[in-house]
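Here is a friendly walk through one protein chain, with a few stops along the way. Please keep the sequence and the 3D view open as you read.

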Amino acid sequence: MDAFVIQGGRRLRGRTRVHGSKNAALPLLTAALLTDEPLLVDDVPDLSDVRNLLRLLESLGCRCSRRAGEDDRAGRLELQVVDETADRADYEIVRTMRATFNVLGPLLARRGRAVISRPGGCNIGDRPVDLHLHGFRALGAEIHSGEGYIHAQAPASGRLQGARIFLGGPFGPTVTGTANVMSAATLAEGRTVIDSAACEPEIVDLANLLNAMGARISGAGTPSVTIDGVEALGGARHTVIPDRIEAGTLMIAAAITNGDVILENCPLEELTAFLTCLDAVGVQWELVDEAGDKADASSDSPDSRSQCVRVASQRRLSPAAITTQPHPGFPTDLQAQMMALLAVADGNSVITEKIFPDRFLHVAEMLRMGANLVRNGPAVLISGVRHLIGAPVMASDLRASAGLVLAGLGATGTTTVNRVYHIDRGYEKMERTLAELGAEIERVEGD
Ligand code: EPU
């Protein structure tokens with residue numbers, strides 16, 4: 001298994017572009033199963049999670065090819081279903097990544113049936129799928145479980161039936177559950193209203209693609225989404241939104257190294273809670289134009305979701321109290337990275353995890369680097385230290401691993417982050433991006 005070896009203490013400088021969003025791309029790609037016409041999707045990041053999903057889509061009769069577009073954009077994918085007979089997603093593939101569960105809604109809606117392995121737990125918590133299944137049952141599907149598989153069947157008419165569905169759970173709405181049920185409802189008979197829908201930007205991006213395919217969805221991005229079912233969907237062309245979590249991770253990389261970095265294609269509007277925390281901690285960020293000069297925040301950019309931002313830090317940072325919440329709150333997917341930053345702030349901070357209360361496997365590894373952290377249930381108390389100290393550490397999940405890389409960039413000495421396959425799931429060539437900004441980081445190939 002590959003590792004990253006990082007010599008800490010190098011200030012990051014320069015400019016880089018944020019990739020397309022992993023968590024937007026995954027449900028977007030499953031929408032190909034809702035039609036037999038082609039979908040052309042730009043800015044799909046080249047990640048192991050995306051490759052695994054494409055493998056599953058291919059086994060379900062979808063032809064997937066990477067194509068160079070007329071503007072030669074990287075990451076352009078063309079998808080088209082050529083055979084609609086398959087209906088099964090095996091454990092072998094579902095266990096690699098939970099987002100594969102999002103083929104269930106499209107299969108059920110278009111093919112009238114699906115058999116899919118029940119995803120297991122994962123390193124960040126139990127992660128049940130009861131809300132997804134509740135949504136499909138409300139749409140009239142029959143669902144049975146047995147031998148680790150879920151068998152789902154549309155009503156005898158072959159079409160799901162619109163319904164009013166509450167999708168709130170104990171920790172708030174479900175993101176992929178909202179995407180799954182919303183996708184299925186596009187082809188249902190009649191109107192579906194999802195109450196307590198997830199408001200994440202990835203849901204808005206999916207609704208925009210589905211509407212471009214002919215769906216009739218309104219309210220995406222609010223807690224109440226209305227879907228008026230249509231008989232068929234067609235092809236479309238779409239560009240994936242920028243990855244707000246990669247953007248936040250790179251901003252912290254600039255801050256923790258006292259660097260000065262410009263990020264292009266940065267979805268600032270989707271990061272308000274995170275930026276408020278950066279302000280509280282004392283990290284400087286500002287909108288800039290193409291040339292890197294300060295831009296007028298009030299002027300309308302052609303796409304205000306993808307802007308250029310400059311992030312810099314030259315001083316000791318202040319502590320902060322952070323609670324993760326559903327969007328537009330502070331994202332759980334930036335919790336571990338923010339912990340690395342607060343570990344070297346002046347004074348005492350606290351992070352409370354309200355989405356995945358056990359998402360703290362990075363704490364023990366950061367302790368090995370000299371961080372002063374005390375976990376108390378769903379909260380971690382952080383007493384800032386002057387420096388973290390490089391050490392060998394173990395990546396446990398995607399974002400925890402990103403937090404360890406950031407800790408290593410800011411630490412004195414050498415940090416080896418083992419098992420970086422977790423990082424390859426969600427950050428496209430992270431070591432190359434960081435090295436181009438001046439980090440001393442290299443991938444060491446393992447078994
Ligand atoms: N939940 C239930 N029942 C369900 C589904 C969820 O109780 O049927 C609970 C979960 O246990 C959790 C909460 O609801 O406490 C939120 O889970 P959610 O379903 O929203 O998470 P998800 O859709 O499985 C997506 C992202 C995660 C991100 C979470 C929260 C994708 C592919 N995954 O997961 O991203 O942490 O939303 O924002 O979009 C990552 O990128 O590293 C990652 C884990």
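Which residues of H2 are buried? They are Ser48, Asp49, Val50, Asn52, Leu53, Leu54, Leu56 and Leu57, where buried means under 20% relative accessible area, exposed over 50%, and partly exposed in between (1.4 Å probe, protein chains only).

Before going on, a word on the model: it is predicted, so local features need pLDDT of at least 70 and side-chain atom pairs count only at pLDDT 80 or more, while totals for chains, interfaces and linings use all residues. Residues are numbered from 1 along each chain as its sequence is written, and side-chain values use heavy atoms, leaving out hydrogens and water.

**Two helices**

Helices (H or I, at least four residues) and strands (E, at least two) are DSSP runs, numbered from the N terminus. The expected span of a helix is 1.5 Å times one less than its number of residues.

| Helix | Residues | Expected span | Distance between end C-alpha atoms |
|---|---|---|---|
| H2 | 48–59 | 16 Å | 17 Å |
| H12 | 398–410 | 18 Å | 19 Å |

The cover over the buried residues of H2 includes helix H1 (22–30), strand S4 (62–66) and helix H13 (421–424). After H2 comes Gly61, with a positive phi near 90 degrees.

H12 is mostly covered, with twelve of its 13 residues buried. Among them are Leu398, Arg399, Gly403 and Leu409. At the start of H12, a side-chain oxygen of Asp397 comes within 3.0 Å of the backbone nitrogen of Arg399.

**The cores**

A nonpolar core is a set of buried Ala, Val, Leu, Ile, Met, Phe, Trp, Tyr and Cys residues joined through side-chain atoms within 4.5 Å. The largest one has 76 residues, and those with the most contacts inside it include Leu57 and Phe136. A second, separate core of 71 residues includes Val18, Cys277, Val393 and Val417.

**Two single residues**

Ile262 sits in strand S17 (residues 260–266). Ile262 is buried because its relative accessible area is 12%. Its C-alpha atom is 6.4 Å from that of Val311, although the two residues are 49 apart along the chain.

Glu246 belongs to helix H8 (residues 244–256). Which side chain of opposite charge is nearest to Glu246? It is Arg17, 7.6 Å away, and the buried Glu246 has no salt bridge, that is, no side-chain nitrogen of Lys or Arg within 4 Å of a carboxyl oxygen of Asp or Glu. Lys and Arg count as positive and Asp and Glu as negative, while His and the chain ends are not counted. Not counting residues up to four places away in sequence, Glu246 touches Val18, His19 and Tyr427, with contact meaning heavy atoms within 4.5 Å.

Definitions and conventions. Polar contact = N/O pair within 3.5 Å; in protein donor to acceptor, adjacent residues only side chain to side chain.
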